[in-house]
Amino acid sequence: SFSDQTIVMQNGKVIAQNSPKELFQNPSNAYIASLFGEVNVLQLSQLASVAAGADQTVLLYPHQLGVVADGILEVVVRQSYFKGSHYLVKAVVDQKVIFFDSSTALAADTKVCLGLLA
């Protein structure tokens, strides 16, 4: 957050170089996104209807996902972590961990549907 440019290295090789804001907003892979905190690697089809052949992998931070009434991604809450202004919720779907933010704590074993937040 204090630099004009950030260089990201992985296994001794430079894999990205840009402003911190650009790397955060447009990470090219999960490793780069994870430098800013938790990241979810999902298929777009897990969150929305997509045309045949149009599915793609998306990288989403917890603040980009939330509980919605009509979501197609149903998860089971495992734990809610108090983060001061919100809760970071750890949930699972098909044995895969998903993190999302919530304004309130959610009880363990609660089923909720997730969707993209605006």
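In what order do the five strands of the open sheet stand? Keep that in mind as you look around this predicted model.

**Stop 1: the sheet**

Colour the strands and you can read off the order: β5-β9-β6-β7-β8, with antiparallel pairing. If sheets are new to you, strands of a sheet pair through backbone hydrogen bonds, either parallel or antiparallel. Now pick out the edges, β5 (65-67) and β8 (96-102). Each of these has a single partner strand, so one side of each is left without a neighbour in the sheet. Turn the view a bit and look along the strands: neighbours in this sheet are turned by 50° against each other on average, if you ignore direction.

**Stop 2: strand β9 and its partners**

Select residues 111-116, which make up β9. On one side, three bridges join β9 to β5, and the two run antiparallel. Want a pair to click on? Try Val-67, which stands opposite Leu-114 in β9.

Then go to β6, which pairs with β9 over four bridges, again in the antiparallel sense. Here you can click Glu-74 and find its bridge partner in β9, Cys-113.

**Stop 3: the salt bridge**

How many salt bridges does the structure hold? Just one, so to speak of it, select Arg-78 and Asp-109. Their closest N and O atoms are 3.0 Å apart. The pair links distant parts of the chain: Arg-78 sits in strand β6 (residues 73-82), while Asp-109 is in the loop between β8 and β9, 31 residues apart.

Is Asp-109 buried or exposed? With 58% relative accessibility, Asp-109 counts as exposed. Arg-78 is partly exposed, its relative accessible area being 40%.

**Stop 4: the aromatic rings**

Next, show the ring side chains. A search of the whole structure turns up three aromatic pairs. Select Phe-24 and Phe-36: their ring centres are 5.3 Å apart and the planes meet at 75°, so this pair is edge-to-face. Phe-24 belongs to helix α1 (residues 20-25), and Phe-36 to the loop between α2 (30-34) and β3 (40-43), so the pair ties together parts that are 12 residues apart in sequence.

Add Tyr-61 to your selection, and you have a cluster: ring pairs link Phe-24, Phe-36 and Tyr-61. Switch on a surface and check the two Phe residues. Phe-24 is partly exposed at 29% relative accessible area, and Phe-36 is partly exposed too, at 38%.

**Stop 5: Asn-40**

Last selection: Asn-40, which has its place in strand β3. Buried or exposed, what would you guess for Asn-40? The relative accessibility is 2%, and buried means under 20%, so Asn-40 counts as buried.

What does its side chain meet in there? A polar atom of the Asn-40 side chain lies 2.7 Å from the backbone oxygen of Phe-99. Now show what surrounds Asn-40. Leaving out residues up to four places away in sequence, Asn-40 touches Val-58, Leu-59, Leu-60, Tyr-61, Pro-62, Leu-65, Val-97, Ile-98 and Phe-99. You've already met Tyr-61 from that list, in the ring cluster with Phe-24 and Phe-36.

Key: Residues are numbered from 1 along each chain as its sequence is written. This is a predicted model: local features need pLDDT of at least 70, side-chain atom pairs count only at pLDDT 80 or more; totals for chains, interfaces and linings use all residues. Side-chain values use heavy atoms; hydrogens and water are left out. Two strands pair if DSSP finds at least two bridges between them. Axes are lines fitted to C-alpha atoms, for helices over the stretch in contact, and angles run from 0 to 180 degrees between N-to-C directions. A salt bridge is a side-chain nitrogen of Lys or Arg within 4 Å of a carboxyl oxygen of Asp or Glu. Buried means under 20% relative accessible area, exposed over 50%, partly exposed in between (1.4 Å probe, protein chains only). Rings of Phe, Tyr and Trp (its six-membered ring) pair if their centres lie within 6.5 Å; planes under 30 degrees apart count as stacked, over 60 as edge-to-face and the rest as tilted. A polar contact is a pair of N or O atoms within 3.5 Å; within protein, one must be able to donate a hydrogen and the other to accept it, and residues adjacent in sequence count only if both atoms are side-chain atoms. Contact means heavy atoms within 4.5 Å.
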